[in-house]
Amino acid sequence: MEETTEADRMAGRVLAYRYLGALVHEDVRGPTGREGELTAVDGRQAWVRTRSGIEFVVPVRRLVIDTLPAPRAGQPVRHRDTKNPVGIYLCVLPGPDGPSAVVQRCDGTPTRVGDPDDLVPDYPTGRITWPPPP
């Protein structure tokens, strides 16, 4: 077993910031049924909680991100159907037509962009690259 370095811990923190709450599965040969919600990351290890509430540990290099979590303040976001970034997610405000998300555009202006459920974090899905690129 490899020792976890400080660089691994920093990369794990970034991974956790981006993907906590994401639906993931373990990429191994054969049907394992090991899938669930990403709940924690510490260096090279990730904790995943199944629908039944059981948590298990999986090496980060074997994680596959299936569905992104809801965006959090400060994260870059895009519309669910496109790859085009919208801006930095700020908050949700009530309105006469229901809640609307507020994002900060590239020029720095805050803008209402519609239904917050249409936004997802602007991060890739799929297999996690480990160790992360510099």
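**Strand pairing, cores and two helix residues**

Strands E1 (residues 23-26) and E2 (residues 35-42) run antiparallel to each other, joined over three bridges. Within this pairing, Leu23 sits across from Glu37 of E2. All of this is read from a predicted model, so the usual caution goes with it. E2 also pairs with strand E3 (residues 45-49), again in the antiparallel sense, this time over five bridges. Here Leu38 has Val48 in E3 as its bridge partner. Just two residues separate E2 from E3 in the hairpin that the pair forms, and Gly43 in the turn takes a positive phi of about 65°.

Stepping back to the whole chain, the tally is one helix and 11 strands. Reading from the N terminus, the order is α-β-β-β-β-β-β-β-β-β-β-β, with the helix ahead of the strands. Along the principal axes, the C-alpha atoms fill a box of roughly 55 × 35 × 20 Å. Of the 134 residues in the protein chain, 33% are buried. As for contacts between residues at least 6 apart in sequence, 47% of them link residues at least 24 apart. The accessible surface adds up to about 8,300 Å², and carbon and sulfur atoms account for 54% of that. On the charge side, there are 17 positive and 18 negative side chains, and the centres of the two sets are 3 Å apart.

What about the nonpolar interior? The largest nonpolar core holds 20 residues, and the members that touch the most others are Tyr19, Leu38, Leu63 and Ile128. Two or more residues each come from helix H1 (6-19), E2, E3, strand E4 (55-59) and strand E5 (63-67). H1 is the top contributor to this core, giving four residues. A second core, separate from this one, has seven residues, among them Val86, Val103, Val113 and Leu119.

Leu38 is a handy place to see how the pieces come together. Besides being bridged to Val48 in E3, Leu38 is one of the residues touching the most other members of the largest core. Setting aside neighbours within four places in sequence, the contacts of Leu38 are Tyr19, Leu20, Gly21, Ala22, Val24, Ala46, Trp47, Val48 and Leu63. That list includes Tyr19 and Leu63, which also rank among the best-connected members of the core.

Two charged residues of the helix deserve a look as well. Asp8 lies in H1. Its relative accessible area is 7%, so Asp8 counts as buried, the cut-off being under 20%. Beyond its neighbours within four places in sequence, Asp8 is in contact with Glu3, Gly43, Arg44 and Trp130. One of these partners, Gly43, is the turn residue of the E2-E3 hairpin with the positive phi.

Arg18 is also part of H1. With a relative accessible area of 32%, Arg18 is partly exposed, as the value falls between the 20% and 50% limits. Again leaving out neighbours within four places in sequence, Arg18 is in contact with Pro69, Arg72, Gln75 and Tyr123. The pair Arg18 and Gln75 is 57 residues apart in sequence, yet the C-alpha to C-alpha distance comes to 8.0 Å.

Notes. Residues are numbered from 1 along each chain as its sequence is written. This is a predicted model: local features need pLDDT of at least 70, side-chain atom pairs count only at pLDDT 80 or more; totals for chains, interfaces and linings use all residues. Side-chain values use heavy atoms; hydrogens and water are left out. Buried means under 20% relative accessible area, exposed over 50%, partly exposed in between (1.4 Å probe, protein chains only). Contact means heavy atoms within 4.5 Å. Accessible areas come from the Shrake-Rupley method with a 1.4 Å probe; for residues, only the protein chains shown count as cover. Lys and Arg count as positive and Asp and Glu as negative; His and the chain ends are not counted. The place of a charge is taken as NZ of Lys, CZ of Arg, CG of Asp or CD of Glu. Two strands pair if DSSP finds at least two bridges between them. A nonpolar core is a set of buried Ala, Val, Leu, Ile, Met, Phe, Trp, Tyr and Cys residues joined through side-chain atoms within 4.5 Å.
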